[in-house]
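Me: I would like to learn how to read salt bridges and helix contacts in a structure. Could we go through some cases together, step by step?

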Amino acid sequence: MWLKILGSLLVVIAGTCIGFSLAGRYVERPRQIRQLISCLSALKSHINYVAVPLPEALSQCTGGITGPVADLFHTMAELLKSKGWLTPQAAMLQALTETDRLVLSKPEREIIAVFSANLGGMNREEQHKSLDLVHEQLSRIQYEAEKICDQNARMYRYLGVCGSLAVVIVLV
């Protein structure tokens with residue numbers, strides 16, 4: 001009897017953890033997009049007004065931000081410092097593969113890759129326009145990600161709890 005209760009509890013806990021883990025991914029994505037927009041806005045300020053070298057601007061634009069997005073910019077800055085022959089796009093693509101906790105989807109990654117291809121290759125005014133375009137595209141994606149988050153996060157949480165309870169009922 002106690003073995004069944006213990007097994008049932010373990011199934012409910014495991015199902016709940018899986019549901020909350022899947023929901024957490026949907027919650028994390030809009031937050032990382034917001035952080036990305038914030039970093040790119042700071043990068044725009046560093047390019048337009050401070051005029052520091054790109055690796056230094058990338059390191060400084062993450063002020064107040066922690067987590068995978070900050071790690072992405074720090075990794076890119078370190079790659080540009082250590083391997084001077086890398087282009088900003090190659091450094092960004094390598095940083096995207098090295099930063100494993102990012103939950104950004106393919107559209108965000110493509111926007112960042114295209115932006116990084118233009119980074120450092122244009123004058124300040126063109127980079128300012130490019131950053132504005134990236135900001136607008138990421139804002140649109142953030143809005144869509146928040147809508148998807150509202151729809152799916154709660155569903156995965158309930159599905160984890162209810163699905164595990166259904167498994168327990170079937171097994172007992």
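Me: Which residue forms a salt bridge with Arg140?
Reply: A salt bridge is recognised when a side-chain nitrogen of Lys or Arg lies within 4 Å of a carboxyl oxygen of Asp or Glu. In this predicted model, Arg140 pairs in this way with Glu136, and their closest N and O atoms are 3.7 Å apart. Both residues belong to helix α6, and because they are 4 residues apart there, about one helical turn separates them. Arg140 is partly exposed, with a relative accessible area of 47%.

Me: Which parts of the chain does the pair of Glu108 and Arg29 link?
Reply: The side chains of these two residues, Glu108 and Arg29, meet in a salt bridge at 2.7 Å, N to O, and the pair links distant parts of the chain, since Glu108 is in helix α5 and Arg29 in helix α1, 79 residues apart. To judge burial, one asks whether the relative accessible area is under 20%; Glu108, at 0%, counts as buried, and Arg29, with 16%, is buried too.

Me: How do the directions of α4 and α5 relate to each other?
Reply: An angle over 145 degrees between helix axes counts as roughly antiparallel. The axes of α4 and α5 come within 7 Å and cross at roughly 150°, and the two helices are therefore roughly antiparallel to each other. Among the residues that meet are Met92 and Leu93 in α4, and Ile112 and Ala113 in α5; by class, this contact has 7 nonpolar, 2 polar and 1 charged residues.

Technical notes
Residues are numbered from 1 along each chain as its sequence is written. This is a predicted model: local features need pLDDT of at least 70, side-chain atom pairs count only at pLDDT 80 or more; totals for chains, interfaces and linings use all residues. Side-chain values use heavy atoms; hydrogens and water are left out. Axes are lines fitted to C-alpha atoms, for helices over the stretch in contact, and angles run from 0 to 180 degrees between N-to-C directions. Angles under 35 degrees count as roughly parallel, over 145 as roughly antiparallel, 65 to 115 as roughly perpendicular and the rest as oblique. Contact means heavy atoms within 4.5 Å. Ala, Val, Leu, Ile, Met, Phe, Trp, Tyr, Cys and Pro count as nonpolar, Asp, Glu, Lys and Arg as charged, and the others, Gly among them, as polar. Buried means under 20% relative accessible area, exposed over 50%, partly exposed in between (1.4 Å probe, protein chains only).
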